[in-house]
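User: I'm new to this one and would like to learn how to read it feature by feature. Could you walk me through it?

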Amino acid sequence: MEFPGSSATGISLLSAVRMRNLRLYYEIALRAFRRASIYRAAYIAGILTNAFFAALRCFVYLAVYRAGTIVAGFSANDAITYTWVTQALISIGAGWLPWDLMQTIRSGDVITDLSRPWSFYGYWLSRSLGERCFNLLLRGSVTYLLGFFFFAARIPRLTEALAFVVAIGLALLVSFAYGFIVNLTAFWLIDNTGVMIIANILLTFFSGFLLPLAFFPPWLRQIAQLLPFQAITSLPAEIWLGHLTGPAVWRAFALQAGWTLALTLLAMLMLQSAVRKVVIQGG
Amino acid sequence: MALIEVEHLRKTFLLAVRPPGRFAALRSLLSRQTRPVHAVSDVSFTVAAGELVGYIGPNGAGKSTTMKMLTGILHPTSGRIEVAGRVPYRERVEHVRRIGVVFGQRSQLWWDLPTIESFTLLRHIYRMPVARWQANLHSFSALLDLEPFLNTPVRQLSLGQRMRADLAAALLHDPTILFLDEPTIGLDVVARERIREFLEHINRENGVTIMLTTHDLADIERLCQRVVLIDHGGVVYDGQIATLRTRFGRWRTLVVDLNQSVDHVEVPNAELLRVEGTRVALRFDRDHTTAADLIAAVAARYPIRDLTVEEPAIESIIRDIYEQPNTLQ
Amino acid sequence: MLALYLRLIGARIRSQMQYKLSFWLELIGFALSTGLEFVALALLFGKFPVVGGWHLAEVGVLYGLSSTSFGLAEMVSRGFDAPFELMMQRGSFDGVLTRPLNSFFQIMASEFQLRRFGRSIQGALVFLYACRHLTINWTLARMILVPLTLLSGMTVYMALIVIGATMCFWTIKTPEVINIFTFGGDALVSYPLSIYNGLIRNLFLWVVPVGFVNYPAALLLLQRTDPHGLPAGVAWAAPLVAATFFAVACLFWRVGVSKYTSTGS
């Protein structure tokens, strides 16, 4: 079986930026964006849920911080702000891995997607971007506004906000690549639920989603710094907090970009291998 | 006293109406607009013990709604309904214990368990004595040929197998009445025939009263002496199938594709219904001529490329009934 | 009735245990991912010695009791979650009504997810760890209090799951909002209720009694007093409160079913 996408997988990146395809990916992203806007009840529920958990953590921080103290470089307001930012970042995949790609592999629908004349990676990336942009703009930001109103979460300076936007963009790419890699294991494992759960644990723990990395004991912090997950949550959040300035920001970008490249490359290689497996074994 | 008594049964649903316009969503938040839909508007009939009744009508006529009220799933807006002396929706558990229900499109069995285990669970649910249950199981197993797949998980069964299993499951507990909703839908000819045989057998031998809804006229012709025809929520015809057949079931339509287009076709013993280019539809009375004769007659006059013989759909029978209302009853 | 219930869930358990490796992986996976909450909690205590005056081990009691109860509730009442939602989407609830059994019973018996016990395992481990690091005076009363509290907690969480499912009769999909009270409640009562503002504290004590079946019992075990004056003795009323709340959930379910039989779906 000939996959138009398979030969292009090796140079997917190039095919992804072909002008004709760019238009296609934009449409896919737009449709994903729209689809995310349909479920109004889920939308409101999501905001309330995220806000609840953020508020919960804030109460804990308010209880532990004595006025004016700074722990591990975090003031009480820093901790509070960090909480709301990370909840807002759920929208870009900070907390949970998507399972949709894995489900198409299990159901066999992935074969149809693979045989379309597009970059398979580009297709899923566009979907992810569309959906997550919606979540970020209309869900995450509203959640954060609640934090601003009720807990005085910080509003950053303009330069910090701009840097944050860049960091988010890179975080999206890293987050997507990681999710893609993990989902793809379904090609080789009949039941990859175990892998998904472990991968999710690694993500939520080492990204700084559950707890700021600054609060980790030094040896755990060192491990976290060697892993890509901080690029998804901790780094953008620290930029938003204003903890990273000047050259530190550029270092953060470089780290994010590095992980983007590494994970995307790994994802493409795995995809090639998966496609080869499908072609030979018939899925 | 009749086993099933239905009197002036009515069921009205309130359908939410989305007001048109830009702020539709906002407006619907403020005020809920609803439109009443009379799924069943005035239905009355009785069924005696041991009858095999067909309950037919076009889509949306109110068949499923009536069945749901008879089985106790839905409660009526107004009217009286009594099955074996009980009001279904008021005494659901007791009522349901004595009836069997088969939904054509949904299975009642446990999806990932072997068929036999579903039967065993049902034995416990219906509190059946083991001996009686086993006797029923043997008898149904033989009649429906269940043996080959008794140990197969239900999700692996073909549609025909699953339907047979569902039928057995519905009858294991010796219900006095069996309600069937589209039991032969999607099945091949052989499977259909097997099920019809089975239904006829249990009605005749075991005296199970059967009420079934179906779109398949052949089911009706084969099984039922009596049909209740329902349309737009009301009973349009309630009587013997023989009458229905002699009055309206004797028309057939022959559709021929000719080699050239014609303006007009004239053949003895047939009425021209319509001409569309090369396609001609002729209606004939089965009592006056056979399809074979008519085809020969047409072929003698015009070159035929292809042909079909259409049976009258229930919809067209109903249309005919409407056109000749005073011939009913 | 009980025999039938055991038979029905027995079928579910057997089919779950079919793939032994998968099952164990998922069980451990659940234990780990839910246990992560406590790991984060413990790390936090690494930087801050007390929360609201409570030490890590004391908070461990709160966490352990709640987590164990929640895991048990999830395991038993799973039928009210995805299976029921699917049933409503497919319209197969009719099939439930054609069986001569109470519909609540049928849904409850329709699923029993053993792997959810993973949460209870880690909760119990945390509780045991906490007890070893505390000097609790284990009177007979206190020893009875623990299982009583666990059962009460389980009942409250089950009631919440049922309430969430009942909303399906109106909205087809279970509203995520119920997660605020189940998952959110569990996370909330893992810390002493005294740290929250009055509104939240009262909400989770008196309206959605997740806190009522947890906090007072911890006060009794640890011989602490509540700064807002809640008498620790009310812990013994937990079973009653839980039963009442569960009864409310059952009533709500009946309303849902009657709505269904009125409008069809």
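**Reading the model step by step**

Analyst: Let's begin with confidence, since this is a predicted model. In chain A, residues 1–11 have pLDDT under 50, and the model gives that stretch 20 contacts beyond four places in sequence.

User: What is the mean pLDDT of chain A as a whole?

Analyst: The mean for chain A is 87, with 92% of its residues at 70 or more. For chain C the average is 92, and 100% of the residues score at least 70.

User: Where in chain C is confidence lowest, and where is it highest?

Analyst: The low point is helix α9 (residues 168–171) of chain C, with a mean of 86. The high point is helix α3 (residues 56–76) of chain C, at 96. For the complex, the predictor reports an ipTM of 0.90 and a pTM of 0.84.

User: Now the interfaces. How much area do chain C and chain A bury between them?

Analyst: The general idea goes like this: people often state an interface's size as the accessible area lost when the parts come together. Here, chain C and chain A bury about 2700 Å² between them, and 82% of that is on carbon and sulfur atoms. Which parts of chain C do the touching? Helices α2 (20–47), α10 (178–188) and α11 (198–207) of chain C each supply at least two residues to the side that touches chain A. The most comes from α2(C), with 12 residues. By type, the residues on that side of chain C are 19 nonpolar, seven polar and four charged.

User: How many residues are in contact there, and how many salt bridges cross over?

Analyst: On the contact side, 30 residues of chain C meet 30 residues of chain A. The salt-bridge rule finds zero across this interface. Residue pairs in polar contact, with both at pLDDT 80 or more, also come to zero there.

User: How many salt bridges are there over all chains?

Analyst: The count over all chains is 35. A good way to read one is to ask which elements it joins and how buried its two ends are. Take Glu51(B) and Arg226(B), whose side chains meet in a salt bridge at 3.0 Å, N to O. Glu51(B) sits in the loop between β2 (34–47) and β3 (52–56) of chain B, while Arg226(B) is in strand β8 (residues 226–231) of chain B, so the pair ties together parts 175 residues apart in sequence.

User: Is each end of that pair buried or partly exposed?

Analyst: Glu51(B) has 21% relative accessibility, so it counts as partly exposed. Arg226(B) has 9%, so it counts as buried. The cut-off for buried is under 20%.

User: Which salt bridge crosses between chain B and chain C?

Analyst: One such pair is Glu117(B) with Arg14(C), whose closest N and O atoms are 3.2 Å apart. The pair runs from helix α4 (residues 115–125) of chain B to helix α1 (residues 2–16) of chain C. Glu117(B) is partly exposed at 25%, and Arg14(C) is partly exposed at 49%.

User: And within chain C, what does Arg119(C) pair with?

Analyst: Arg119(C) forms a salt bridge with Asp186(C), with 3.4 Å between the closest N and O atoms. Arg119(C) is in helix α7 (residues 117–132) of chain C and Asp186(C) in helix α10 of chain C, so this pair ties together parts 67 residues apart in sequence. Both Arg119(C) and Asp186(C) are buried.

User: Which residues are linked in a network of salt bridges?

Analyst: In chain B, such a network links Glu193(B), Arg196(B), Glu200(B), Arg204(B), Glu205(B), Asp219(B) and Arg222(B).

User: How many helices and strands does chain B have?

Analyst: Chain B has 11 helices and 13 strands. Of its 329 residues, 49% count as buried. Among contacts in chain B with a separation of 6 or more, 70% are between residues 24 or more positions apart.

User: Let's finish with a single residue. Where is Thr213(B), and what does it touch?

Analyst: Thr213(B) lies in strand β7 (residues 209–213) of chain B. Its relative accessibility is 0%, so Thr213(B) counts as buried. Leaving aside residues up to four places away in sequence, Thr213(B) touches Tyr55(B), Lys63(B), Met67(B), Leu180(B), Asp181(B), Glu182(B) and Pro183(B). With Asp181(B), the contact is also a polar one between side chains, at 2.6 Å.

Definitions and conventions. Residues are numbered from 1 along each chain as its sequence is written. Chains are lettered from A and ligands numbered from 1 in the order in which they are written. Side-chain values use heavy atoms; hydrogens and water are left out. Contact means heavy atoms within 4.5 Å. Buried area is the accessible area (1.4 Å probe) that two parts lose on being put together, summed over both. A salt bridge is a side-chain nitrogen of Lys or Arg within 4 Å of a carboxyl oxygen of Asp or Glu. A polar contact is a pair of N or O atoms within 3.5 Å; within protein, one must be able to donate a hydrogen and the other to accept it, and residues adjacent in sequence count only if both atoms are side-chain atoms. Helices (H or I, at least four residues) and strands (E, at least two) are DSSP runs, numbered from the N terminus. Ala, Val, Leu, Ile, Met, Phe, Trp, Tyr, Cys and Pro count as nonpolar, Asp, Glu, Lys and Arg as charged, and the others, Gly among them, as polar. pLDDT is the predictor's confidence in each residue, from 0 to 100. Buried means under 20% relative accessible area, exposed over 50%, partly exposed in between (1.4 Å probe, protein chains only).
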